[in-house]
Amino acid sequence: MMNLFVVAVVLAAGLATISIWSPRKLWVKVGAVTLAAAFMPLSYASFADLLSKPKPVALEWFHRSMSEATVLSARMQEGEAIYLWLQLPDTAEPRYYKIGWSEDVAKQLQQAMREAEKNQGGLKMELPFENTWDKDKPMFYALPQPKLPEKNGERGGGDAPLVYQHPGTSA
């Protein structure tokens, strides 16, 4: 966010500089500088306000080619939109997105959420930012049930015997 704000401030300052050195009347120059000065806090406030709002998936340009994302949470508002909290593979923090309402997509998401809960696994979204023509391919899918942890002695699938060690004893 800060990078966009810095760019906006530099552009506003550049326009104010041009207006100062232009052959105009003094009141026009003062008005241009005043407008540029008013633009700076307004742009900061608008960028800060955008942080709490979901980003439409159609406006995601930087991650357009991403093949999948992990769905951390989802909320469906019938007739309005589907809100998604996604963890992108190469980003540290999750992001908040919005998909336009579609009954088919909502059914897919609900089914995948039920399956993920049953499997006690995660939920993924395939091609989250691509506007695909293939509407039959599901966008959401549940990950398979995670593999159970290996038992003592099963490392590598060898013939090692299972060994029980009572808590509190050291052998």
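Is Glu60 buried or exposed? Glu60 is buried, with a relative accessible area of 1%. That value comes from a predicted model, as do the others below. Glu60 is a good place to start, since it leads to the salt bridges.

Lys55 is the partner of Glu60 in a salt bridge. Their closest N and O atoms are 3.4 Å apart. The two ends differ in cover. Lys55 is partly exposed, at a relative accessible area of 30%, whereas Glu60 counts as buried because its 1% falls under the 20% limit.

How many salt bridges does a search of the whole structure find? The search finds four. Another of them joins the side chains of Glu68 and Lys124, with an N to O distance of 3.7 Å. This pair links distant parts of the chain. Glu68 sits in strand S2 and Lys124 in strand S5, 56 residues apart. Glu68 is partly exposed, with a relative accessible area of 26%. Lys124 counts as buried, at 16% relative accessibility. The limit between the two classes is 20%, so Lys124 falls on the buried side of it.

Glu103 and Lys107 form a salt bridge too, and their closest N and O atoms are 3.6 Å apart. Here the partners belong to one helix, H3. They are four residues apart, so about one helical turn separates them. Glu103 is partly exposed, with a relative accessible area of 49%.

Now follow helix H3 to its end. Helix H3 covers 103–119, and strand S5 covers 123–126. Gln120 lies in the loop between them. Its backbone deserves a look. Most residues other than glycine have a negative phi. Gln120 is not a glycine, yet its phi is positive, at about 55 degrees. Gln120 is also exposed, with a relative accessible area of 65%.

The strands come next. Strand S2 spans residues 68–77 and pairs with S3 in the antiparallel sense, over seven bridges. Gln77 of this pairing stands opposite Ala81 in S3. Three residues lie between the strands of this hairpin. Gly79 takes a positive phi there, near 80 degrees.

On which strand does S3 also rely for pairing, and in what sense? The partner is strand S4, residues 95–100, and the sense is antiparallel. Six bridges join S3 and S4. One contact shows the register: the bridge partner of Ile82 is Ile99, in S4. S3 thus appears in two pairings, with S2 over seven bridges and with S4 over six.

Why is S3 largely enclosed by the rest of the structure? Strand S3 runs over residues 81–87, and five of its seven residues are buried, so the strand is largely enclosed. As background, side chains in a regular strand alternate between the two faces of the sheet.

Finally, turn to the surface. Met2, Val6, Val10 and Tyr44 form a nonpolar patch there. Together they have about 370 Å² of accessible area. Which helix gives the largest share of this patch? Helix H1, residues 2–21, contributes three residues. Val6 is in helix H1. Val6 is partly exposed, with a relative accessible area of 44%. Patch residues need over 30% relative accessible area, so Val6 meets that cut-off.

Technical notes: Residues are numbered from 1 along each chain as its sequence is written. This is a predicted model: local features need pLDDT of at least 70, side-chain atom pairs count only at pLDDT 80 or more; totals for chains, interfaces and linings use all residues. Side-chain values use heavy atoms; hydrogens and water are left out. Patches are made of residues with over 30% relative accessible area and no salt bridge: like charges are joined within 9 Å, nonpolar side chains (Val, Leu, Ile, Met, Phe, Trp, Tyr) within 5 Å. Accessible areas come from the Shrake-Rupley method with a 1.4 Å probe; for residues, only the protein chains shown count as cover. Buried means under 20% relative accessible area, exposed over 50%, partly exposed in between (1.4 Å probe, protein chains only). Two strands pair if DSSP finds at least two bridges between them.
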